[in-house]
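Hi,

Here is the structure I said I would pass on. Have a look at it first, and my notes follow underneath.

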Amino acid sequence: MALIKSKEDMEYILATDVGSTTTKARFFTKKSGEWRFLVAGEAPTTVEAPFEDVTLGVRNAVREVEELIGHHILSEDGSGIVIPYNGKIGVDIYCTTSSAGGGLQMMVAGVLKSMTADSANRAALGAGGIVMDIISVDDERRNYQKIQRIRALRPDMILLAGGTDGGTTTHVMEISELIKASEPKPRLGVTYQLPLIYAGNKDLHHQIQKLFEKDFALTIVDNIRPVLEIENSEPARRAIHDLFMEHVMSHAPGYNKLMKWTDVPIMPTPAGEGMAMQLIANSFKKNVLGVGLGGATTNVYSVIDDRFVRSVSANLGMSYSICNVMKEAGIKNIMRWLPFKLEEKYVTERLMNKMIRPTTIPQTLENLIVEHAVAREALRLGLLHHKSIATRLKGVRVQRTIGDLFEQELEETYIKMMNIDIIAGTGGLLSHAPRRIQSMFVLIDAFQPEGVTWMFQDSVFMMPHLGVLSTVHRDAAWNIFDKDCLIRLGTVIAPFGTGKIGELVMTVELEMPNGEKTKEEMHFGDIKQIKLPERQEAKAIITPNRGFDGGSGDGHKVEKTVIGGIVGVVLDARGRPLYQPQDDDERKKLLLKWFKAIELYPEDKLSEMG
Amino acid sequence: MKSRNNSKESSNEAFAYTPGLKVKNNMIVVKERKLPIKGDVLVKKGENVSYDTIVAKTQLSGDPYIVSISDILGLEPRETKDFMKKKKGDFVNKDEALAVYSAFFGLMKKSATSPITGTFEEFSDITGQCVVRGEQIPIEIRAYIPGKIIKVIPGEGVEVECNGALLQGIFGLGGETHGKIKISTKKENEVLTPDLITKEDKDCILVGGSYVPLETVKKAIEIGVKGIITGGILSQDLKELMGEEVGVAITGQEEIGITLIITEGFGSMNMSQKAFNLLKHFEGHITSINGATQIRAGVIRPEIIIPHEEPSSEDSKLKELMGGMMIGTSVRIISDPYFGAIGKVSSLPVELEKIETESEVRILGVVLEDGKQVTVPRANVEIIEE
């Protein structure tokens with residue numbers, strides 16, 4: 001995309017995210033040659049009746065920005081946003097992400113569920129889609145069940161893969177014919193053709209064209225699995241983004257207008273968030289595990305050795321989907337994070353009431369702790385889901401029949417917590433935690449990082465905004481990201497291994513920036529917080545006891561740089577996997593001890609409850 | 001079919017502070033009645049319709065059945081087409097031969113038959129399979145409320161308008177139905193116990209107070225009660241009723257034999273006095289109800305529409321809460337520690353204030369009905385429209 005002004009001459013940037021409930025505007029400006037976040041404006045999204053025009057919500061959010069800074073952005077005739085800044089009015093770049101109306105809902109299909117269908121799933125998720133179902137020849141459902149499912153789905157788009165180039169054709173056509181026979185209907189509108197992307201065996205391009213061109217908006221791209229060992233998701237991902245703009249967005253109310261307001265392609269919100277996570281990985285040259293914990297969904301992102309994977313758990317969230325977290329995790333797993341006695345029935349009904357009134361916030365400390373308990377479980381389940389997608393592939397040809405044609409040897413996930421250098425979190429609950437250590441602790445308990453891990457967090461929700469901005473002005477995006485968005489919480493040091501309460505786990509020597517040295521002995525079941533301010537670093541020498549691994553093997557010494565932050569350095573000797581006593585009273589006592597040791601909540605209130 | 005409340009008075013409501021669920025005794029209710037796919041509209045603009053009038057209909061293509069002909073005949077897909085007995089568009093009966101292969105002068109004979117009665121649609125010589133499509137599935141859309149057709153959307157559906165009362169629930173189960181309103185509890189804080197319903201309640205919509213226990217729902221289903229409107233339901237009872245825990249609140253398609261609407265929330269919760277009184281006022285009237293609920297991506301709340309011809313008084317004329325809340329606005333608290341309490345706004349500080357959780361949020365002061373003064377986050381109240 002060509003920018004109207006040169007980057008040097010730019011002064012103002014506006015980015016919005018049109019969320020399912022709220023439209024969030026973020027305004028950035030150049031101060032002394034440096035791009036910074038200035039102000040935020042928010043307004044209800046107006047995609048639904050009676051408004052049915054997203055630009056109204058965008059206009060309201062932008063108007064709030066205008067009022068706060070006294071700078072006019074909207075054109076007086078109501079035609080949109082003035083671009084570029086003309087010395088009085090306007091901004092130099094306007095870009096936006098969107099997840100309004102339920103986001104980009106996709107169905108994916110392939111021949112084998114653990115191969116081409118799996119690759120298609122990863123590509124759809126990576127492009128910011130919500131995968132409603134994965135259909136494959138071997139997915140254990142009978143044909144009529146698959147057909148019924150496809151007919152009931154009403155997706156925004158279908159991604160169809162299958163076969164390596166020169167490989168199976170019959171089974172690709174089988175699944176293709178099944179999709180065609182099902183006559184799937186698009187979710188938005190009854191009159192337009194459903195977009196279908198074919199990313200399978202190239203030998204079938206002609207047949208696929210013949211089969212689908214009449215009834216579907218067909219796009220054919222390069223094979224997602226040209227050979228077994230390679231996953232080529234980029235062409236499919238690009239096609240998804242293009243079709244998202246051309247078909248899905250253009251049928252959502254007001255988007256045709258919004259598309260005219262910006263020259264930067266509108267991106268699905270999770271895709272913007274994913275770009276932000278990649279920005280962290282690229283800038284620090286480290287492996288990153290990121291998470292967006294929303295009201296409806298949990299998006300987990302990993303960038304491991306430059307490989308980016310996103311998963312979306314469409315029904316794990318903190319408001320709309322809070323009951324589904326309870327359903328999937330089980331109430332007992334939520335209760336295990338509570339340091340006080342509450343009846344299961346009481347917690348269940350409280351969460352159900354939160355689901356039906358999703359905009360309420362916890363007023364009591366007890367309620368806050370319950371929500372943090374649910375958040376741990378949502379994140380834990382989200383990571384489990386992510387691990388099932390972030391797998392390494394190996395295909396070995398062994399026999400000729402379809403059932404046995406390929407033995408898909410799936411290694412276990414390559415997400416190893418010991419290899420994660422950075423964990424970054426975003427989303428309402430994490431960003432709005434009253435004490436930053438609460439969000440750090442929720443992330444630690446849920447993900448259980450091992451070794452030495454830096455912990456980051458989105459300050460106010462603006463990762464998607466900066467993600468889409470990075471596509472046109474990477475330097476501005478990174479500067480704002482680094483200075484105003486990415487809050488350094490600190491570092492957690494947690495060796496892998498488990499033991500008995502009181503047993504020595506590790507000795508940690510820290511050489512602070514002023515040269516001062518501290519030495520801490522950590523015993524099993526303990527946790528400690530050491531202050532180290534933001535943007536300061538310390539050298540850590542970790543000597544784990546036998547049976548514990550800090551990253552260099554059992555009992556081996558590790559030297560690493562730890563970063564400071566709002567929380568500082570957390571020495572975590574609670575075990576990996578995290579130790580939680582079976583006995584209820586003991587568990588609560590230990591939990592309370594941890595909470596108090598790091599001042600997680602106001603101590604007086606906590607003591608009253610305990 | 002799910003439908004959204006589309007009342008004329010709802011414009012700009014998104015700009016108000018958390019709008020309360022509607023409890024209106026007199027308004028113009030407009031319902032959009034649309035087909036899921038294109039079809040025929042059967043009524044004209046200006047026509048009067050009743051609850052059960054079919055306003056639009058269409059035919060959904062039948063379910064397709066895939067038959068692997070080549071596999072059955074033991075042939076390669078390309079060879080198979082020579083043995084097909086049916087061509088595109090042919091009608092086939094169940095068990096009728098679609099393809100027959102014979103060899104060795106008829107000594108070896110195999111045939112592939114149709115699993116259903118339907119239309120032969122397609123044979124693929126790449127996969128060797130064919131599609132037989134079942135009979136078309138008729139879809140009919142009823143008016144749901146009695147009234148006048150005010151708009152026809154060609155090929156898609158209509159808008160029906162009537163004068164009536166409208167109440168929204170917070171959560172529901174089951175789809176559209178209609179029946180006579182019967183008040184089953186004396187007060188809004190009474191439990192709707194099984195002994196309060198009798199055989200005479202068949203086809204009625206029962207109104208209860210604080211909650212409805214599972215045994216009452218079961219008895220009501222047995223009797224043939226069309227629907228129950230109550231304040232709350234216990235989580236365990238709901239689980240048993242649905243056969244599983246609620247995950248995501250998207251309901252309306254349950255086939256439990258009754259439509260259930262709760263107005264307040266989960267647990268034992270007194271129905272708001274205003275809602276109870278309004279339903280009591282219209283006891284004996286026929287009401288249309290729908291339990292369909294969707295909390296995200298296009299909120300749908302359960303609805304109770306009571307068509308009537310009562311003239312609207314000055315007091316009940318529609319007032320929109322455009323400016324949000326003010327000192328004196330009636331509100332209901334919708335979260336702990338004062339869940340369900342009703343009061344009037346006594347202060348609206350501009351500055352953020354620290355609450356017990358240490359969060360700094362916008363708050364408001366509320367004087368509760370018992371005179372107690374409390375402070376709550378603004379996000380935790382809803383406006384009671386008056």
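Let me start with the interface: 48 residues of chain B are in contact with 55 residues of chain A. Bear in mind that this is a predicted model. On the chain B side, the elements that put two or more residues into the contact with chain A are β5 (64-68), β10 (129-134), β19 (259-266) and β28 (373-377). Of these, β5(B) gives the most, with 3 residues. Sorted by class, the side of chain B that touches chain A comes out at 23 nonpolar, 17 polar and 8 charged residues.

Staying in chain B, I also looked at Ile289(B), which sits in strand β20 (residues 286-290). Is Ile289(B) buried or exposed? Ile289(B) has 29 other C-beta atoms within 10 Å, and 20 or more is the cut-off, so this residue counts as buried. Leaving out residues up to four places away in sequence, Ile289(B) touches Thr177(B), His178(B), Ile205(B), Gly227(B), Thr259(B), Ile261(B), Glu303(B) and Ile304(B). As for Glu79(B), it is 210 residues from Ile289(B) in sequence and 58 Å away in space, C-alpha to C-alpha.

Over in chain A, helix α9 (residues 322-329) caught my eye. Its buried residues are Ile322(A), Cys323(A), Asn324(A), Val325(A) and Met326(A). What do the buried residues of α9(A) pack against? They pack against three helices of chain A: α10 (331-335), α11 (344-356) and α12 (365-389). Just past the end of α9(A), Gly330(A) has a positive phi of about 90°.

Cheers

Definitions and conventions. Residues numbered from 1 in each chain as written. Chains lettered and ligands numbered in written order. Predicted model: local features only at pLDDT ≥ 70, side-chain atom pairs only at ≥ 80, totals over all residues. Buried ≥ 20, exposed ≤ 12 C-beta atoms within 10 Å, placed from the backbone. Helix = DSSP H or I, 4+ residues; strand = E, 2+ residues; numbered from the N terminus. Contact = placed C-beta atoms within 7 Å. Nonpolar A, V, L, I, M, F, W, Y, C, P; charged D, E, K, R; others polar.
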